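Please open the model in your viewer and keep the selection tool at hand. The tour moves from the whole chain to single residues, with a stop at each place worth selecting.

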Amino acid sequence: MASSVGMTICPHPLLIPADLDEQYRYVRIRMPPEAGEGDLSKIVSQIPFVPLHVSRGATMEVIGVTTGSGAAKLANARFEVDLVGSVDAPLLNDLYLLRDDRAARTGYLSFEGQSSRFSGSEDADRLLLATRDGLLVALPGGTSVEGYHFEEARHGHNLKLTADVGLVDRFDLQPRAASFLQTGMDVPSTALGKQELDIFASLSSSDIETVVDRLSGKVPLLDGSTLRSRHIQSDDNIRAVREIAARLSSLSSDIDVRLHAFTHEGRTLYNVEAELPSQQTSEIVLVTAHLDSTAAFGTDFEPVNGIAPGADDDASGVAAVEAIASVILKLRSIAPLRRTIRFVLFNAEEHGLVGSKAYAKQQADSLAMIVAVLQMDMIGYNVKPPRSWEVHAGYWPVPNVQRRSLSLARTVKKLSRSVSRKLGQPQVYYSKGVDDDRRDPAEGRSDHASFHERGYAACVASEDFFPTPTQEDPLPDSEGNPAYHRPEDTFIDPVYAADIARVIAATAWVLSRQQPAT
């Protein structure tokens, strides 16, 4: 690396100091109650500083990278500043938030939690801080986050923190932000005609099953090879990317398919993007899922050569995205799109929402007019009645983002009556307060979260993964997939998955037919 040959290195271009002897530090900033976000933006604009993570609760917390002199100026501005990790740690480490869901239930001092592993000599140096969102851990370059897959972890078990100026100077608060980010997502009418309903009904279980079987290794791909895994460290990951891109391209010459490259753990990885453009507006509806898989809960799972079929997680979502694209193509014969619909499959979700964060950042940097994000993550597991499912819209940090996301989720719920009556209506989640027991349990835990932090309306549909507490039953059961993150994740109910896909397809269509805000 550069430092080994005497070169001066810097964590980020915005942190290049005038004094080359300047040192770099991770910091955690806590906003005093009387301070506003404008105060923080003003101060950090005057010092070398790059934010990595913003958390808003009773007080606002920002984790970032700055210089030694920058940390001193933050303290002088009366912010509460904690220096995190060793001097120059940002030069050689990646920062992650690890969520220990067992410990969240038992308390971080309980032996039942997994956080106690950091008492070991090697891991102790990596644990920097326990925050409201998880354990802040620094992993040296060349060290994979794969080894920190805590027992009983739920969706979004870890989150990679990446340098991102827009996290403080928020996209949805910038003066130049597009006006649609301040408008509601309420849909005046969800009525569908008979021809539309007939087309939605054509989305069948076989459409889902065909794709899931290919991506989970049950049958060969279009190129004749067979996948063992879609894990990002497996050579099969790029084969899965090519398969998905080829299948989307084959649907129609009207679909523009592109690969979106990003880097993670020294690898170049790819998201897959397919677009059906509208000539009427620049506004966009996204229909998304994640394409990678893992079997980290399996015994002695080996990421490079191990088996990680991920039929439910999330080949079911990928299959639904393709099926929805096919349906939208048929619907265009009835009426043209008023808004562009873009189908995006994200990579490296299992390693901390890495692909979606890279994609959402790129879109926000270009002021992309994304009016809605409809994510599907694990929509295939259902064994016992009722055929329940969930839609999550929670985003406590910014009420306006949650309000628009909740309107989107409620549109999904309304349309379930029209196109998938046997499925029933979804449980709609949102965050009612800062306390954990009042937060949406999927907040920040799937690829929709990458868009929330950019100010976009987004929600995620899933099977009955999270239990729903009630006054009568505060600790209810859910029907989460017992093969979650295991090599046994080979089963889905394609009829159930198709029912959910049909509802998301109808939502995307209704949104694409609305009169644009601009």
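What follows is a tour by selection, beginning with the protein as a whole.

Before selecting anything, note that this is a predicted model, in which local features need pLDDT of at least 70 and side-chain atom pairs count only at pLDDT 80 or more, while totals for chains, interfaces and linings use all residues. Residues are numbered from 1 along each chain as its sequence is written, and side-chain values use heavy atoms, with hydrogens and water left out.

**The whole protein**

Show the protein as a cartoon, and you can look for 13 helices and 16 strands; helices (H or I, at least four residues) and strands (E, at least two) are DSSP runs, numbered from the N terminus. Of the 518 residues, 58% count as buried, where buried means under 20% relative accessible area, exposed over 50%, and partly exposed in between, with a 1.4 Å probe and protein chains only. If you turn on the surface, its accessible area comes to about 20900 Å², and 50% of that belongs to carbon and sulfur atoms; such areas come from the Shrake-Rupley method with a 1.4 Å probe, and for residues only the protein chains shown count as cover.

**Helix α13 and its partner**

Select residues 494–513, which form helix α13. The end C-alpha atoms of α13 are 28 Å apart, in agreement with the 28 Å that its 20 residues should span at 1.5 Å a residue; the expected span is 1.5 Å times one less than the number of residues. Because 18 of the 20 residues of α13 are buried, this helix is largely enclosed by the rest of the structure. At the start of α13, zoom in on Asp493, where a side-chain oxygen reaches to within 3.1 Å of the backbone nitrogen of Val495.

Now add residues 399–419, which are helix α11, packed against α13 at an angle of about 115° with the axes 8 Å apart. Here the axes are lines fitted to C-alpha atoms, for helices over the stretch in contact, and angles run from 0 to 180 degrees between N-to-C directions. To see where the two meet, select residues of α11 including Leu408, Val412 and Leu415, together with residues of α13 including Val503, Thr507 and Leu511; contact means heavy atoms within 4.5 Å.

**Helix α9**

Move next to residues 311–331, helix α9, and pick out Ser316, which counts as buried because its relative accessibility is 0%. A polar atom of the Ser316 side chain lies 2.6 Å from the backbone oxygen of Asp312. Leaving aside neighbours within four places in sequence, Ser316 is in contact with Val212, Ala311, Met378, Ile379, Gly380 and Ile492. While you are in α9, select Asp314, and look at the peptide bond from Asp313 to Asp314, which is cis, with omega near 0°.

**Backbone details in the loops**

Another cis peptide bond joins Pro385 and Pro386, with omega about 0°, and Pro386 lies in the loop between β13 (370–376) and β14 (389–392).

Which residue should you select in the loop between β4 (80–84) and α3 (89–92)? Choose Asp88, which has a positive phi of about 65° although it is not a glycine, and which counts as partly exposed at 26% relative accessibility. For the last stop, go to Ala348, in the loop between β12 (340–346) and α10 (354–365); phi of Ala348 is near 60°, a positive value in a residue other than glycine, and Ala348 is buried, with a relative accessible area of 0%.

Terms used: Polar contact = N/O pair within 3.5 Å; in protein donor to acceptor, adjacent residues only side chain to side chain.
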